[in-house]
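Trainee: Got a minute to go through this one with me? I'd like to ask about the surface, the salt bridges and a few buried spots.

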Amino acid sequence: MHTIIQALGGLVAVAALTPTVRGNVDYLIVGGGTAGLVLANRLTENPKVSVLVLEAGGDGLGNQNISDIGLIGAADGTQIDWQFHPAPLAFANNRSLGNAPRGKVLGGSSAINGDVFDRGDAREYDDWETLGNPGWNSESILTAGMKAERFFAPNASENIDFVLEEHGLYGNLATSYSNPAPPLHDTIISSVANAGGINTPDNDGGYVDGISHVTNARLPFNSTRATSATGYYFPFSSRSNFQVTLFVTVNKIVWKSTHAGNAVAAGVEYVDQKGVSHTVNATNVILSSGTWGSPAILERSGVGNATLLSSLGINSVIDLPGVGENLQERYLLETLAAMTFSINSSLPLNPVQPFLLNMESLQKTVGAENLTTVEALLDVKPPGLSDAQFNSNKRLYSQQVPWVEGYIALSTPPTGGSVLTWFGVNLHQQSRGSVHIVSTDVAILPEVQFNLLQSPLDTYVMAAAAKRIQQIVATPPLSDWIAGPISPPAGVTTIPDLEAYIRANVNIANHIIGTALMAPRNDGGVVDPYLKVYGTKNVYVVDASVIPVEPAAHLQGTVYALAERAAQLFKQSS
């Protein structure tokens, strides 16, 4: 605890100066985000190992949009957001999503996300190994995740169930519960149970089914956000072997050798704030630029689909068609169109962020009477979904892993009248998108194509999730508190009507994975189980882009675990 509090109290002192790039380093990490700073911290525990982190954004110091949890979402569209604008949704009325935020600051998206810290289901993590990644399984991933965490348990008066053994107590990242249990907390849990659901005391230990309280990445005594920067960099910035350089954008890898199957990186080329290009040398290059950033750097470096690269005038170094493909993203409804219900009394609420998560299998969500429909849709393989990923979804379904998340919040607007908001989230999509560069100019962001709802199963799941939420809310004792629906409006209750509502209002959850997939190369893989890019000797990717299975959890807990385990692998190989 002392280390974290000391870090928060000394941010300006320890991070006011940005080191200059100097000399050849052992590890050059591109991106000071969630994964990059974890990896840099662990590698520099050995004073003989030198690490340089190149970060496109600033340090974020003094930015309340980062530290103040009450301002979640306020960073979107500001200077600490990359401000990606994905292509219109071709399978959802050709709608535009507008801005899709990604963190451009020390801490990356851990500095601007929704602040939930939880872990996926053990069966999902075991499927990483089944997909051809030896050593990546529930035991190794959950253990690595607990190493990252420093959990602050709630007081008994807060009326929150938890299991201490399912949390790490000595890690770098502070986690806690956001608030004492608000009104209707127990009522909602009782209605889930009465509607056939499960009350799970804590969902952080690998068993995710059921309803439980939300864990957050924050210090409990002042509700200050905890990020990879506050946990892994600021308290350790005095290490002479831990360099961080801000406001530089990496263009591409500089190659020492491009022999087939044995390409060797000499370092990277980056652009400073004045637009001047520089190079820096390193023994190993690690891309930690995120699900959209890392594939773009690979493509500008000649690693990717050779046909695409040729169309942009880029010489192919490694023909690796999986780069930028297999984009996976969870679905939910736009905030203004989420499942909302009017409460029949005005509850005494401070601003309450989402405080409960309800995870259910697809079988439970749709009901036994609709399984034939679901299983027929599950057999339809959309374009862009590999056979390996297709079979993975079938395995997860047969194991009845959580497939639908309910993300639950209460609020009382200044105008009065309390509102229950219940986001239904599709966790395991069949549809696959992509991210690819459209120019060799590093200033031009890559094109993101989500392909949301391309699979008919995904549309049906979202509609069934909405119907399931309506069922739970209509179940006592919660039903006694409900005055009526706000959105969708009364009467929108059939699957066809709900599917139309979904197409008009579907949105993304910003938990994007898979575009530099860890998998066998012939299954669309980009990196091997040691996170090394196929065809290279010393280029790696460590960020959410390598994750092969979307977890039944908000993403950052899994990314911290990924980075902690990656650090172990690097240490073992050195």
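Mentor: Sure, and one term up front: a nonpolar patch is built from residues with over 30% relative accessible area and no salt bridge, with nonpolar side chains joined within 5 Å. Keep in mind that this is a predicted model.

Trainee: Then how much accessible area do Leu164, Leu169 and Tyr170 have together?

Mentor: Those three residues form a nonpolar patch on the surface. One of them, Leu169, sits in the loop between strand S3 (149–151) and strand S4 (173–177). Leu169 has a relative accessible area of 31%, so it is partly exposed. Together, the accessible area of Leu164, Leu169 and Tyr170 is about 330 Å².

Trainee: On to charges: which residues are linked with Glu45 in a network of salt bridges?

Mentor: Start from one pair, Glu45 and Lys571, whose side chains meet in a salt bridge at 2.5 Å, N to O. That pair links distant parts of the chain, with Glu45 in the loop between helix H3 (34–43) and strand S2 (51–54) and Lys571 in helix H16, 526 residues apart. The network that holds Glu45 also takes in Arg42, Glu564 and Lys571.

Trainee: Is Lys571 buried, exposed or partly exposed?

Mentor: Buried means under 20% relative accessible area and exposed means over 50%, with partly exposed in between. Its partner Glu45 comes out at 37%, so Glu45 is partly exposed. Lys571 has a relative accessible area of 36%, so the word for it is partly exposed.

Trainee: What about Asp115 and Arg218: how many residues apart in sequence are the parts they tie together?

Mentor: The side chains of Asp115 and Arg218 meet in a salt bridge with an N to O distance of 2.6 Å. Asp115 lies in the loop between helix H4 (64–67) and helix H5 (122–130), while Arg218 is in strand S7 (residues 218–219), so the parts tied together are apart in sequence by 103 residues.

Trainee: And are Glu149 and Arg119 buried or exposed?

Mentor: These two form a salt bridge, their closest N and O atoms being 2.7 Å apart. Glu149 is in strand S3 and Arg119 in the loop between H4 and H5, so this pair ties together parts 30 residues apart in sequence. As for Glu149 and Arg119 themselves, both are buried.

Trainee: Let's look at helix H15: why do its buried residues line one face of the helix?

Mentor: In H15 (residues 495–505), the buried residues are Ile495, Leu498, Glu499, Tyr501, Ile502 and Asn505. They line one face because, seen down the axis of H15, they fall within an arc of 160 degrees.

Trainee: What covers the buried residues of H15?

Mentor: One clue comes from Gln470 in helix H14 (residues 456–473). Gln470 touches Leu498, along with Met339, Pro488, Val492 and Thr493, leaving out residues up to four places away in sequence. The cover for the buried residues of H15 includes strand S15 (331–333), strand S22 (482–487), strand S23 (506–508) and H14.

Trainee: At the start of H15, which residue's backbone nitrogen does a side-chain oxygen of Thr494 reach?

Mentor: Look at the start of the helix, where Thr494 offers a side-chain oxygen. That oxygen comes to within 3.2 Å of a backbone nitrogen, and the residue is Asp497.

Trainee: Next, Val546: what is its relative accessibility?

Mentor: Val546 is in the loop between strand S24 (539–541) and helix H16 (556–573). Setting aside neighbours within four places in sequence, its contacts are Ala516, Leu517, Met518, Val527, Leu531, Val541 and Leu562. Val546 counts as buried because its relative accessibility is 0%.

Trainee: How far is the C-alpha atom of Leu555 from that of Val116?

Mentor: Leu555 is in the loop between S24 and H16, and with 7% relative accessibility it counts as buried. Along the chain, Leu555 and Val116 are 439 residues apart. Their C-alpha atoms are separated by 8.4 Å.

Trainee: Last one: which side chain makes a polar contact with the side chain of Ser212?

Mentor: Ser212 lies in strand S5 (residues 210–213), and its relative accessible area is 3%, so it is buried. Beyond four places in sequence, Ser212 is in contact with residues including Thr200, Asn203 and Phe355. The polar contact, at 3.3 Å, is with the side chain of Asn203.

Key:
Residues are numbered from 1 along each chain as its sequence is written. This is a predicted model: local features need pLDDT of at least 70, side-chain atom pairs count only at pLDDT 80 or more; totals for chains, interfaces and linings use all residues. Side-chain values use heavy atoms; hydrogens and water are left out. Patches are made of residues with over 30% relative accessible area and no salt bridge: like charges are joined within 9 Å, nonpolar side chains (Val, Leu, Ile, Met, Phe, Trp, Tyr) within 5 Å. Accessible areas come from the Shrake-Rupley method with a 1.4 Å probe; for residues, only the protein chains shown count as cover. A salt bridge is a side-chain nitrogen of Lys or Arg within 4 Å of a carboxyl oxygen of Asp or Glu. Helices (H or I, at least four residues) and strands (E, at least two) are DSSP runs, numbered from the N terminus. Buried means under 20% relative accessible area, exposed over 50%, partly exposed in between (1.4 Å probe, protein chains only). Contact means heavy atoms within 4.5 Å. The arc is that of the directions from the helix axis to the C-beta atoms. A polar contact is a pair of N or O atoms within 3.5 Å; within protein, one must be able to donate a hydrogen and the other to accept it, and residues adjacent in sequence count only if both atoms are side-chain atoms.
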